[in-house]
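Me: Could you take me through one helix of this model and its surroundings, with the cut-offs behind each term?

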Amino acid sequence: MDELLALDKEIFVYLNNLGSLPFDDFWKIITKQIYWTPLFVSVFYCIHKKIGIKQLFLIIVFLALLITFTDQMTNLFKNTFQRLRPCNDPEIKNIIRIVIERKSPSFFSGHASNSMASTLFIYLIIRKYYNHTYLLFLFPLIFAYSRIYLGLHFPLDILSGYVFGLMTGFCFYKLYNYFYLKYNSQKVFSKN
């Protein structure tokens with residue numbers, strides 16, 4: 001385990017030091033969800049266009065539950081493991097670029113878990129309606145990389161967040177399908 005954590009720090013130092021001052025403001029923008037709003041609105045519009053407002057509303061409810069669940073589980077892991085963020089790690093903090101500092105624990109990344117969970121959830125719903133839906137996965141890749149660039153997360157934090165996000169996104173997709181099918185079957189029976 002010590003070797004894995006040492007490799008994690010080594011990879012982090014390399015990736016973090018690829019950054020440079022002229023790009024710092026760009027990555028500060030990338031790391032904030034609010035600036036991704038045009039993407040989210042576009043995706044919601046595409047969903048609405050193909051499946052209608054009622055199903056879109058159900059998707060939004062499930063997304064809210066998904067993000068709440070993922071956020072709370074991330075906090076549970078962070079408080080359990082108490083891994084220092086790179087910007088607070090005395091072993092490396094003097095050799096890395098620290099663009100933003102946070103005092104909270106690092107493992108695992110909420111940005112990575114939330115973005116991957118919500119992206120997989122949406123992808124599984126709309127993949128049959130649109131070609132190239134896999135491009136949605138650029139969002140969690142870029143979004144989570146910003147955390148390494150800014151000095152806030154190790155690669156292992158990101159990868160663990162992705163794995164948790166994939167599992168959560170898939171489970172919520174299955175729950176969504178269950179409720180959607182149950183709701184539609186009740187509508188069919190109520191018409192007869």
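The questions below deal with burial, contacts and a surface patch.

Reply: This is a predicted model, in which local features need pLDDT of at least 70 and side-chain atom pairs count only at pLDDT 80 or more, while totals for chains, interfaces and linings use all residues. Residues are numbered from 1 along each chain as its sequence is written, and side-chain values use heavy atoms, with hydrogens and water left out.

Me: Which residues of helix α2 are buried?
Reply: Helices are DSSP runs of H or I with at least four residues, numbered from the N terminus, and α2 covers residues 21–30. Buried means under 20% relative accessible area, exposed over 50%, and partly exposed in between, with a 1.4 Å probe and protein chains only. By that standard the buried residues of α2 are D24, W27 and I30.

Me: Why do the buried residues lie on the same side of α2?
Reply: An α-helix has 3.6 residues a turn, so residues three or four places apart point the same way. On the other side of α2, P22 and D25 are exposed. The arc is taken from the directions from the helix axis to the C-beta atoms, and the buried residues lie on the same side because they cover an arc of only 125°.

Me: Which helix is included in what covers the buried residues of α2?
Reply: Contact means heavy atoms within 4.5 Å. S146, which counts as buried at 0% relative accessibility, is in contact with W27, I30 and T31, leaving aside its neighbours within four places in sequence. S146 lies in α6, and the cover of the buried residues of α2 includes α6 (138–149).

Me: What separates the C-alpha atoms of K28 and Y149 in space?
Reply: K28 is found in α2 and is partly exposed, with a relative accessible area of 33%. Leaving aside neighbours within four places in sequence, K28 is in contact with V99, I100 and L150. K28 and Y149 are 121 residues apart along the chain, and their C-alpha atoms are separated by 9.3 Å.

Me: What is the area of the nonpolar surface patch that includes I142?
Reply: I142 is found in α6 and counts as partly exposed at 31% relative accessibility. The patch is made by Y134, L135, L138, L141 and I142; patch residues have over 30% relative accessible area and no salt bridge (a side-chain nitrogen of Lys or Arg within 4 Å of a carboxyl oxygen of Asp or Glu), and nonpolar side chains (Val, Leu, Ile, Met, Phe, Trp, Tyr) are joined within 5 Å. By the Shrake-Rupley method with a 1.4 Å probe, the area is about 460 Å².

Methods
Helix = DSSP H or I, 4+ residues; strand = E, 2+ residues; numbered from the N terminus. Patch = residues over 30% accessible without salt bridge, like charges linked within 9 Å, V, L, I, M, F, W, Y side chains within 5 Å.
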